[in-house]
Amino acid sequence: MIDKIQGFYGFTRMPFRRDLAPSMLHRHAGHAQAAARITWCIAERALGVITGEVGAGKTVATRAALAALDAPRHTVIYLPNPAVGVTGIHHAIVTALGGVPRPHRSTLIPQAADALATEYAERGRVPVVVIDEAHLLDHEQLEAIRMLTNHDMDSTSPMACLLIGQPTLRRKIGLGMLAALDQRIAIRYNIPPMTGVETASYLGHHLGLAGRKDTLFSEDAVTLIHDTARGYPRAVNNLALSSLLAAYSEDKGIVDESSARAAIAEVITE
């Protein structure tokens, strides 16, 4: 069916795919702001917090910023699942830096701190610890992350650390019991949804990657998709693809408002 859709609309590839190289990602204002702050945070070896609603593009912005790093001078340690606990975080850091994690927590924690310091001081590479879904971190884990940033009597840090999560992360860090961590955060940014103009640009960008430079979505369809998705890229992506499939099923050369409504009805029904 994919081949038929591509042939019908003249696509060179299916649009709205998620497996895009960082250089192919759409860059709207919120994305650019987040990526710039992440880049600064890494350059300063600081602690940063990037938040946004589900589907706002947090991971996409992070990918873009990390892809632009000078690879020989940085070591990225990506932790996608906070459910591993304090021990799991330290275990992952030691493993990523080429060490063999010690079996006991009392020795594993300093081992992780030493590995981070060694990576920077002796190998000349800045460790960049990225923790995704960070809103799921508990108090103990957040305190453990703060302790990892302690170095050289709190004057410098050998690492950069990014906490990426939903807005509840900011509220959690703002609690009084985490005041020490809160004060250590150098940058904070909450990614806003796209504007209507940015949503139209987003759709055009993805269609362009698929080989279509002309208008394929009517203005009414774009507006409806934007309003329903509230400007969040992932939801825009999903609705645009469903609208395209609805239009194809009716042999329409243009994705119009009725096609978008049919797609939205399917999503609401689900």
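In this predicted model, helix α4 touches helix α5 through Val86, Thr87, His90, His91, Ile93 and Val94, which meet Arg105, Leu108, Ile109, Gln111, Ala112 and Leu116 on the α5 side. Sorted by character, the residues of this contact comprise 7 nonpolar, 4 polar and 1 charged. The axes of the two helices, α4 spanning residues 85-96 and α5 spanning residues 105-121, come within 9 Å and cross at roughly 40°, which means that α4 is oblique to α5. The crossing of α4 and α5 is left-handed.

The strands form a sheet. Strands of a sheet pair through backbone hydrogen bonds, and this pairing can be parallel or antiparallel. Here an open sheet of 5 strands follows the order β2-β3-β4-β1-β5, and its pairing is parallel. Because β2 (74-79) and β5 (185-190) stand at the edges and each has a single partner strand, one side of each is left without a neighbour in the sheet. On average, and with direction ignored, neighbouring strands of this sheet are turned by 15° against each other.

Within the sheet, strand β1 (residues 47-51) runs parallel to strand β4 (residues 160-165), and 5 bridges join them; Val49, for example, has Leu163 in β4 as its bridge partner.

Two helices that lie across strands of the sheet are set out below.

| Helix | Strands it lies across | Angle |
|---|---|---|
| α2 (residues 29-43) | β1, β2, β3 (126-131), β4 and β5 | about 170° to β5 |
| α4 | β2 and β3 | about 145° to β2 |

Helix α4 therefore has contacts of two kinds, since α4 meets residues of α5 and also lies across β2 and β3, with α4 oblique to α5.

How values were computed: Residues numbered from 1 in each chain as written. Predicted model: local features only at pLDDT ≥ 70, side-chain atom pairs only at ≥ 80, totals over all residues. Heavy atoms only, no water. Axes fitted to C-alpha atoms, helices over the stretch in contact; angles between N-to-C directions. Helix = DSSP H or I, 4+ residues; strand = E, 2+ residues; numbered from the N terminus. Parallel < 35°, antiparallel > 145°, perpendicular 65-115°, else oblique. Left-handed = near helix turned anticlockwise from the far one by under 90°. Contact = heavy atoms within 4.5 Å. Nonpolar A, V, L, I, M, F, W, Y, C, P; charged D, E, K, R; others polar. Pairing = 2+ DSSP bridges.
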